[in-house]
Amino acid sequence: MAKYDESRVLSLILGGGKGTRLYPLTKERSKPAVSFGGKYRIVDIPISNCINSGFKKIYLLTQFNSASLHLHISNSYNFDRFSQGFVEILAAEQTLEHSGWYEGTADAVRKNFIHFKTQKPTHYIILSGDQLYRMDLRDFMNQHIASGADVTIATTAVNRRDASGFGIMKINDKNQITEFMEKPAPDMNIDDWKIPEKARDPLLPKEKEYLASMGIYIFNADTMEEILDNDKQDFGKEIIPMAIESKKINSYIFDGYWEDIGTIRSFYEATLDLTTSKPKFNFYDEREPIYTQMSNLPPCKMNHADLTATLASDGCIITDSMITNSVIGLRSIIESGSILKGVITMGADYYETDDEKEKNAELKIPNIGIGKHCHIEKAIIDKNARIGDSVCIGVDGKNYEDGDHGNFFVADGIIVIRKNAIIPSGTHI
């Protein structure tokens with residue numbers, strides 16, 4: 001069995017850029033801080049993978065809209081002093097050596113070496129902050145060390161159609177990566193990039209013949225410092241292709257579920273998949289839980305409701321409503337006579353008091369939550385939204401162009417009600 005010292009392995013979670021593909025969910029928060037699965041944040045997934053694998057020295061590199069992320073991390077991940085573990089955010093900062101913003105994934109790591117080196121790491125695990133998967137990082141590390149590689153890249157098998165959306169790896173019979181190609185054109189002949197039979201898992205579907213990079217890496221620490229001693233900015237587009245020419249780069253073929261949830265469409269579909277009888281991503285594994293902030297909220301209260309294929313989070317109050325194939329976030333209030341189908345609600349950050357509700361009534365502002373006799377389909381409702389009575393969303397057959405429509409935004413045909421939006425009673429969207 002390969003050996004390593006877990007305390008000298010640093011996990012670096014890359015928070016990503018502005019998150020424009022997830023807009024407007026990223027208007028006031030970074031991608032990793034976006035709510036997911038009712039009670040979690042996206043960043044809880046990679047952090048939990050690290051903790052469950054025994055790697056408890058975790059840095060999160062981010063620079064956009066990081067206040068919400070800071071609050072979540074500080075309230076969720078507090079290790080005792082005996083574990084030597086931590087989850088620390090490293091936001092872009094100005095120093096005498098550099099002026100601030102991260103220019104890319106590799107640049108973000110380079111600018112933080114001053115923080116990493118004090119830990120005297122032997123290895124770095126690079127993870128993405130907006131992917132949905134469960135991976136035993138111990139197995140990943142063991143294979144890396146056993147292979148004698150300088151860098152190991154996690155890869156997933158894809159078919160030819162999907163290969164055009166990824167960086168594609170060519171490997172030999174020993175899983176060593178020999179070439180890298182960024183997003184080959186759909187009509188390009190890449191038959192010689194197929195997975196060699198000796199390296200192929202016999203359980204892989206036959207149509208999945210190519211290996212795509214997952215953007216997850218293990219670097220030997222000395223290799224990382226050496227190949228970042230330049231002005232290259234991005235791992236996938238620049239550092240990895242350069243390293244293949246001079247370093248031993250191996251592929252770790254991951255055969256589990258993996259989804260990039262960096263777009264509204266992928267986020268919506270991955271979230272609603274959680275409501276199926278056998279979801280592709282399983283939250284219900286007590287041996288390897290997904291960690292998040294302890295909310296100390298009461299159980300979900302249902303004052304007579306018809307729920308089918310639905311997740312309802314802590315602190316919800318649902319009254320005389322019919323909800324199908326939906327995910328209901330923390331503290332969601334859904335009033336009587338409402339119908340929800342294919343809806344994701346992010347919930348609320350707080351409960352309104354009776355005094356606040358009286359003031360809302362005087363100002364003719366709906367309370368936080370979903371009012372009476374609403375009908376909502378195929379929509380994402382961001383936090384603290386106020387939806388009045390008899391509101392219809394996504395049921396009138398209207399086709400909106402993708403983009404900004406005031407209180408709501410449309411992406412890939414999915415209506416997103418903005419955070420803190422006010423939708424007056426009787427509105428039809």
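A salt bridge is a side-chain nitrogen of Lys or Arg within 4 Å of a carboxyl oxygen of Asp or Glu. The views below come from a predicted model.

**View A. Salt bridge between Lys194 and Glu209.** The two side chains meet at 3.6 Å, N to O. Both residues lie in the loop between β10 (177-182) and β11 (210-220), so the pair ties together parts that are 15 residues apart in sequence. Lys194 is partly exposed at 33% relative accessibility, and Glu209 is partly exposed at 27%.

**View B. Salt bridge between Glu352 and Arg386.** The N to O distance is 2.8 Å. Glu352 sits in the loop between β17 (339-345) and α10, and Arg386 in strand β20 (residues 386-387), so this contact links parts that are 34 residues apart in sequence. Glu352 is buried, with 13% relative accessibility, and Arg386 is buried, also with 13%. Elsewhere, Asp107, Arg110 and Lys111 are joined into one network by salt bridges that share partners. The whole structure holds 17 salt bridges.

**View C. Surroundings of His144 in helix α5 (residues 137-147).** His144 has 1% relative accessibility and therefore counts as buried. Leaving aside residues up to four places away in sequence, His144 touches His123, Ala149, Asp150, Val151, Thr152, Ile218 and Asn220.

**View D. Helix α1 (residues 44-52).** Nine of the nine residues of α1 are buried, among them Pro46, Asn49 and Cys50. Gly54, just after α1, takes a positive phi of about 90°.

**View E. A patch of negative charge on the surface.** Asp354, Asp355, Glu356, Glu358 and Glu362 gather here. Glu362 belongs to helix α10 (residues 354-363) and is exposed, with a relative accessible area of 66%.

How values were computed: Residues are numbered from 1 along each chain as its sequence is written. This is a predicted model: local features need pLDDT of at least 70, side-chain atom pairs count only at pLDDT 80 or more; totals for chains, interfaces and linings use all residues. Side-chain values use heavy atoms; hydrogens and water are left out. Helices (H or I, at least four residues) and strands (E, at least two) are DSSP runs, numbered from the N terminus. Buried means under 20% relative accessible area, exposed over 50%, partly exposed in between (1.4 Å probe, protein chains only). Contact means heavy atoms within 4.5 Å. Patches are made of residues with over 30% relative accessible area and no salt bridge: like charges are joined within 9 Å, nonpolar side chains (Val, Leu, Ile, Met, Phe, Trp, Tyr) within 5 Å. Accessible areas come from the Shrake-Rupley method with a 1.4 Å probe; for residues, only the protein chains shown count as cover. Lys and Arg count as positive and Asp and Glu as negative; His and the chain ends are not counted. The place of a charge is taken as NZ of Lys, CZ of Arg, CG of Asp or CD of Glu.
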